[in-house]
Amino acid sequence: MSERAFWVGTYTGEAGGGAGIYRVARRADGSLEAPGLAAEAVCPSYLAVHPAANVLYAVREEDGGGVLAYEVTGSGLRQVGTRRAGALPCHLSVAPDGGHLLVADYGSGTVRAVPLGPDGGFTGDPAVAEGHGSGPRADRQEGPHAHATAHAPDGTVLATDLGADLVRSFRIDDGVLRLVGETALPAGCGPRHLAVHPGGYVHVLTELATTVLVLRPADGYARLETVAESPATADPAGDRAQGAAIKLGDGGRYVYTSMRGTDVVTAHRVLDGGAALKPVADVPSGGHWPRDLHVDGEWMHVANERSDTIATFLIGGDGVPVPAGAPLRVPSPVCVIPA
């Protein structure tokens with residue numbers, strides 16, 4: 001296994017003990033080297049990389065939020081751009097053609113598309129789509145809370161709204177982020193993160209119901225329909241559990257979810273080309289309050305925010321991750337992505 005480097009987003013200041021964006025290298029044996037601070041930043045909790053340019057993006061997750069662009073300079077970062085965002089931006093994704101950066105603003109419930117140039121830099125003002133609606137959980141669903149975006153094969157941008165129990169579908173036309181459809185999900189489920197399976201199905205991890213919903217396109221990806229629902233954990237999750245991240249593994253043969261509160265990562269077997277999931281094993285996350293996870297071939301890295309650790313796992317032939325060495329100390333890690 002060759003060496004690999006990763007960027008780590010953290011919480012800073014009152015929100016956590018990080019100082020910004022860190023770089024971590026993985027040795028050939030799977031162990032992680034001590035982190036190095038690549039750039040100081042305020043709450044860069046979620047990161048994304050451009051598919052072609054040498055650019056890293058980060059949110060600034062605060063009430064007066066923003067997004068930042070960095071040129072990658074070896075093991076360091078040089079800030080090359082910034083744009084305003086809504087309140088508490090919490091997720092980023094880059095369109096497959098590299099033309100836009102999609103931002104989910106949790107606090108304001110907005111989704112925005114920031115235009116990007118060929119060099120990955122910001123080139124104009126973002127197109128913004130307002131959220132609407134609420135849900136039955138008064139403590140978490142008093143209004144819209146956009147939480148993540150993903151990109152469908154036909155170019156549709158899919159966005160979860162935890163506050164309104166919706167998946168919204170957008171198209172980017174002439175710089176406008178145009179709403180083309182909405183899919184209602186079970187009341188109070190709180191959809192958080194989502195992944196598009198190679199089979200065309202959309203897998204949605206709920207935060208409040210701790211389930212995984214499987215959706216299929218009913219009108220392209222403008223409208224989806226629920227075809228399956230399964231627990232987000234192999235054993236009962238319990239009331240204190242909160243779903244966090246969902247990622248694909250082994251070309252879509254497995255799906256992995258992280259669960260805060262119970263502090264486990266769950267391996268799910270994918271059935272019928274993505275149409276259904278079966279949870280097969282819960283594995284301790286290697287720390288407390290697992291947030292993001294990254295699957296890199298046979299390796300998995302899990303960011304445990306409240307224990308200040310990144311845990312590494314080796315994924316077996318049965319799809320179940322096995323701890324590989326001692327977790328690495330990293331302050332308030334939230335997001336892990338390849339450099």
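Student: In strand E19, which residue is the bridge partner of Thr211?

Tutor: In this predicted model, the bridge partner of Thr211 in E19 is Pro231.

Student: What makes E18 and E19 a pair of strands?

Tutor: Two strands pair if at least two bridges are found between them. Strand E18, residues 211-219, and E19 are joined over eight bridges in the antiparallel sense, so they satisfy the definition of a pair.

Student: Why are E16 and E19 said to stand at the edges of their sheet?

Tutor: The open sheet consists of four strands in the order E16-E17-E18-E19, with antiparallel pairing. Strand E16 (191-196) and strand E19 (223-231) each have a single partner strand, so one side of each has no neighbour in the sheet. Neighbouring strands of this sheet are turned by 25° against each other on average, with direction ignored.

Student: Why is the contact between Asp296 and Arg4 called a salt bridge?

Tutor: The definition requires a side-chain nitrogen of Lys or Arg within 4 Å of a carboxyl oxygen of Asp or Glu. The side chains of Asp296 and Arg4 meet at 2.6 Å, N to O, and therefore the contact qualifies as a salt bridge. Asp296 belongs to strand E24 (residues 290-296) and Arg4 to strand E1 (residues 4-10), so the pair ties together parts that are 292 residues apart in sequence.

Student: How do you know whether Asp296 and Arg4 are buried or partly exposed?

Tutor: Buried means under 20% relative accessible area, and partly exposed runs from there up to 50%. Asp296, at 12%, is therefore buried, whereas Arg4, at 30%, is partly exposed.

Student: Which salt bridge joins Arg26 and Asp296, and what does the pair tie together?

Tutor: The side chains of Arg26 and Asp296 meet in a salt bridge at 2.7 Å, N to O. Arg26 lies in strand E2 (residues 20-26) and Asp296 in strand E24, so this pair ties together parts that are 270 residues apart in sequence. Arg26 has 1% relative accessibility and therefore counts as buried.

Student: What is notable about the phi of Ser332?

Tutor: Most residues other than glycine have a negative phi. Ser332 is not a glycine, yet its phi is positive, at about 45°. Ser332 is placed in the loop between strand E28 (328-329) and strand E29 (333-338).

Student: Why is Ser332 called buried, and what is the corresponding term for Asp308?

Tutor: Ser332 has a relative accessible area of 6%, which is under 20%, so Ser332 is buried. Asp308 has 25% and is therefore partly exposed. Asp308 is found in the loop between strand E25 (299-304) and strand E26 (309-315).

Technical notes. Residues numbered from 1 in each chain as written. Predicted model: local features only at pLDDT ≥ 70, side-chain atom pairs only at ≥ 80, totals over all residues. Heavy atoms only, no water. Helix = DSSP H or I, 4+ residues; strand = E, 2+ residues; numbered from the N terminus. Buried < 20%, exposed > 50% of the residue type's maximum accessible area, 1.4 Å probe, protein only. Axes fitted to C-alpha atoms, helices over the stretch in contact; angles between N-to-C directions.
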